[in-house]
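The following exercises concern a predicted model. Please work through each task before reading its solution.

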Amino acid sequence: QVQLVESGGGLVQAGGSLRLSCVVSGRTLSTYVMGWFRQAPGKAREFVADVSWSGGRTSYADSVKGRFIISGDNANNVVYLQMNSLKVDDTAVYYCAARTRWDISYKYWGQGTQVIVSS
């Protein structure tokens with residue numbers, strides 16, 4: 001089992017920054033891919049970014065490319081999502097997720113952390 005606990009959400013003005021953290025525990029993570037997803041009110045959950053725990057490969061949704069940065073702290077088993085130049089449209093509950101590199105879908109999910117961007 002893998003446990004994920006997010007933190008760092010809050011209220012921020014448009015143009016501001018927030019850093020989300022996801023503490024990961026429960027298993028050796030070298031073969032895992034860590035992702036961030038978000039779900040806005042009335043909308044489906046969407047992919048934001050992911051990072052390969054072992055190789056550091058990253059990918060981003062077009063909507064956040066150039067503004068968000070995903071990174072992993074292997075020593076402390078923490079995954080970060082640095083969010084810059086926030087927009088009102090970034091308002092959502094943000095979820096951390098994990099899968100092995102052989103899985104198609106994400107198997108483990110955190111409880112989510114709320115991000116509200118005001119105009």
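**Exercise 1.** Determine which residues Asp50 touches, not counting residues up to four places away in sequence.

*Solution.* Asp50 touches Val33, Met34, Gly35, Arg57, Thr58, Ser59, Ile70, Arg99 and Tyr106 under that exclusion. Asp50 itself belongs to strand 5, residues 46–52. Its relative accessible area is 7%, so Asp50 counts as buried, the cut-off being under 20%.

**Exercise 2.** Identify the side chains that form polar contacts with the side chain of Asp50.

*Solution.* Ser59 is one partner, with a side-chain contact of 2.4 Å to Asp50. Tyr106 is another, its side chain being joined to that of Asp50 at 3.4 Å.

**Exercise 3.** Establish whether Arg99 has a salt bridge or lacks one.

*Solution.* Arg99 is located in strand 9, residues 92–100, and is buried. The nearest side chain of opposite charge is that of Asp50, 4.4 Å away. A salt bridge requires the charged atoms to lie within 4 Å; Arg99 therefore has none. The Arg99 side chain does reach the backbone oxygen of Asp103, at 3.2 Å. Beyond four places in sequence, the contacts of Arg99 include Thr31, Tyr32, Ile104 and Lys107.

**Exercise 4.** Place Met34, a contact of Asp50, within the largest nonpolar core.

*Solution.* The core has 32 residues, and Met34 is among those that touch the most other members, together with Leu4, Trp36, Val79, Leu81, Met83 and Tyr94. Elements giving two or more residues to this core include strand 4 (32–39), strand 5 and strand 9. Outside its sequence neighbours within four places, Met34 is in contact with residues including Leu4, Val79, Cys96 and Tyr106.

Technical notes: Residues numbered from 1 in each chain as written. Predicted model: local features only at pLDDT ≥ 70, side-chain atom pairs only at ≥ 80, totals over all residues. Heavy atoms only, no water. Helix = DSSP H or I, 4+ residues; strand = E, 2+ residues; numbered from the N terminus. Buried < 20%, exposed > 50% of the residue type's maximum accessible area, 1.4 Å probe, protein only. Lys, Arg positive; Asp, Glu negative; His and termini not counted. Polar contact = N/O pair within 3.5 Å; in protein donor to acceptor, adjacent residues only side chain to side chain. Contact = heavy atoms within 4.5 Å. Core = buried A, V, L, I, M, F, W, Y, C linked by side-chain atoms within 4.5 Å.
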